Amino acid sequence: MKISLLLVVCAAVAFADDSSRLVRVDHYVPIRSAAPQIAGQTAEIYVREVVKAGIGLRAPASADPIVLFVHGAGTPAEVAFDVPYQDYSWMAYIAGAGFDVFGMDVTGYGRSTRPPAMNEPCNLSKEQQLTFVPGLIASACSPTYPKNATTIESDWNDIDAVVDYLRALRHVSRVNLVGWSLGGPRTGGYTAHHPDKVAKLVLLAPAYNRASASAQPAETPAKGTAFNTQSHAEFLANWDRQTGCPAQYDPAAADSVWSAMLQSDVVGATWGTGVRRAPLVTTWGWSKDVVAKVTLPVLAVSGAHDKQVQPQRVSELIEDLGSSAKVFADLACSSHNALWEKNHLLLFDASVQWLTKGSLNGASQGSVRLGYPSSR
């Protein structure tokens, strides 16, 4: 297990000198991998911690003071949730409220172990391969690993290892989970399997399909494409198609996110003009019958202009949950990337309310509108 010595030294200074300062510590959690290409091998899961200096000397913000962020299908946790621009770090916001906050990269993302198949451009789809001809490859080529490099089950294995690591590290029985996009099936499916280890869920644009499969496919890993890439132009185009309000996002914030994205992928940064790489994952086990088994408090936030996970899907998830405490939050002037947009502080505040009180604007059930004229 590796821990950044420089960051630990900085943390020690901060704890001694400035109790209002946030400090960051890198953790690398060793696991026995369940990812198909490296199953049984030792891998490392990168975890970033953000916490107030001296937090251990004060009463915690909640009876369950640990928060773990789990990312979606493309962007690693430290990039998504700890944006180094103005007040855009969601992790820092929650840490400022007195929680000990962590964000993890599942296998294949960011600074965690990546299956070797992800280093081979031939394992991209033919369409994506052609975007790297002739600069990276001479022509389209046959894949060396024509399967999923990771699965939703291997993601749950990664999460469980990190949850157990945090429970032991901080001497707690449960942690709070925050998931974005595909982080919904990752955190929600995990919670369905390990309800005793989770206190509350906060979900932003959680992917959900009532008709999805409950059980693992007969063929695992599934045949297909091991991973995909995203360029800067694709990143912005996907975002721009979801803007419904003037100045919905700050271009400087987008630049900061993309810069951090390339820093988290030293191989992808050298492909073409620079891309981020991510595994393609077949999801299952987050179906209507599984969702009904989740009974702990859940807040689900949906951006009004989200075209990747439409608000109706998030509303259906809230309806299907077995929880008695569950709220659907409709966030105005926001897309799938709400955490990086002008209404991000409304999202951040909503998450802190839920984690501390189990309610949003006094409501523990139903729907809440955020950022609309009538709700201000």
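# Exercises on a predicted model

Ala77 touches Phe69, His71, Asp82, Gly103, Met104 and Asp105, leaving out residues up to four places away in sequence. Keep that list in mind for the first exercise, and remember throughout that you are working with a predicted model.

## Exercise 1: Ala77 and its surroundings

Find the element that holds Ala77, and decide whether Ala77 is buried or exposed.

*Solution.*

Step 1. Locate the residue: Ala77 belongs to helix α2, which covers residues 77–81.

Step 2. Check the accessibility. The relative accessible area of Ala77 is 0%, and buried means under 20%. Ala77 is therefore buried.

Step 3. Look at a residue elsewhere in the chain. Gly224 is 147 residues away from Ala77 along the chain, and their C-alpha atoms are separated by 25 Å.

## Exercise 2: A salt bridge inside one helix

Work out where the partners Asp164 and Arg167 sit, and how far apart their closest N and O atoms are.

*Solution.*

Step 1. Start with the distance: the closest N and O atoms of Asp164 and Arg167 are 2.9 Å apart. A salt bridge needs a side-chain nitrogen of Lys or Arg within 4 Å of a carboxyl oxygen of Asp or Glu, so Asp164 and Arg167 form one.

Step 2. Place the pair. Both residues lie in helix α5 (residues 152–170), 3 residues apart, or about one turn of the helix.

Step 3. Recall a general rule: an α-helix has 3.6 residues a turn, so residues three or four places apart point the same way.

Step 4. Compare each accessibility with the limits. Partly exposed is the class between 20% and 50%. Asp164, at 30%, therefore counts as partly exposed, and so does Arg167, at 22%.

## Exercise 3: Salt bridges between distant parts

Which parts of the chain are linked when Glu316 pairs with Arg210?

*Solution.*

Step 1. Confirm the pair: Glu316 forms a salt bridge with Arg210, with closest N and O atoms 3.9 Å apart.

Step 2. Place each partner. Glu316 is in helix α10 (residues 311–320), while Arg210 is in the loop between β6 (198–204) and β7 (227–231), so this pair links distant parts of the chain, 106 residues apart.

Step 3. Compare their accessibility. Glu316 is buried, with a relative accessible area of 15%, whereas Arg210 counts as partly exposed at 30%.

Step 4. Look for another partner of Arg210. Its side chain also meets that of Glu319 in a salt bridge (2.9 Å, N to O). Glu319 too is in helix α10, and this pair is 109 residues apart.

Step 5. Widen the view. Elsewhere, salt bridges that share partners join Asp160, Asp164, Arg167 and Lys197 into one network. The structure holds 15 salt bridges.

## Exercise 4: What covers helix α10

List buried residues of α10, and name elements that cover them.

*Solution.*

Step 1. Buried in α10 are Val314, Glu316, Leu317, Ile318 and Asp320.

Step 2. Their cover includes β6, α9 (288–291), β9 (298–303) and β10 (326–331).

Step 3. Zoom in on Ser302, which is placed in strand β9. Ser302 counts as buried at 0% relative accessibility. Its contacts, apart from neighbours within four places in sequence, include Val314 and Phe328.

## Exercise 5: Two pairs of helices

Describe how α5 packs with α6, and how α7 packs with α8.

*Solution.*

Step 1. Two packed helices are described by the angle between their axes and the distance between the axes.

Step 2. For α5 and α6 (residues 183–193), the angle is about 70 degrees and the axes are 9 Å apart. Angles of 65 to 115 degrees count as roughly perpendicular, and α5 and α6 are therefore roughly perpendicular to each other.

Step 3. Among the residues that meet are Trp156 and Ile159 in α5, and Pro185 and Tyr190 in α6. By class, this contact of α5 with α6 has 6 nonpolar, 3 polar and 3 charged residues.

Step 4. For α7 (residues 232–240) and α8 (residues 251–263), the angle is about 140 degrees, with axes 11 Å apart. This makes α7 oblique to α8.

Step 5. The crossing of α7 past α8 is right-handed. Residues making the contact include Phe235 and Trp239 of α7 and Trp258 and Met261 of α8. The contact of α7 with α8 divides into 7 nonpolar, 1 polar and 1 charged residues.

Technical notes: Residues are numbered from 1 along each chain as its sequence is written. This is a predicted model: local features need pLDDT of at least 70, side-chain atom pairs count only at pLDDT 80 or more; totals for chains, interfaces and linings use all residues. Side-chain values use heavy atoms; hydrogens and water are left out. Helices (H or I, at least four residues) and strands (E, at least two) are DSSP runs, numbered from the N terminus. Buried means under 20% relative accessible area, exposed over 50%, partly exposed in between (1.4 Å probe, protein chains only). Axes are lines fitted to C-alpha atoms, for helices over the stretch in contact, and angles run from 0 to 180 degrees between N-to-C directions. Angles under 35 degrees count as roughly parallel, over 145 as roughly antiparallel, 65 to 115 as roughly perpendicular and the rest as oblique. A crossing is left-handed if the near helix is turned anticlockwise from the far one by less than a right angle, and right-handed if clockwise. Contact means heavy atoms within 4.5 Å. Ala, Val, Leu, Ile, Met, Phe, Trp, Tyr, Cys and Pro count as nonpolar, Asp, Glu, Lys and Arg as charged, and the others, Gly among them, as polar.
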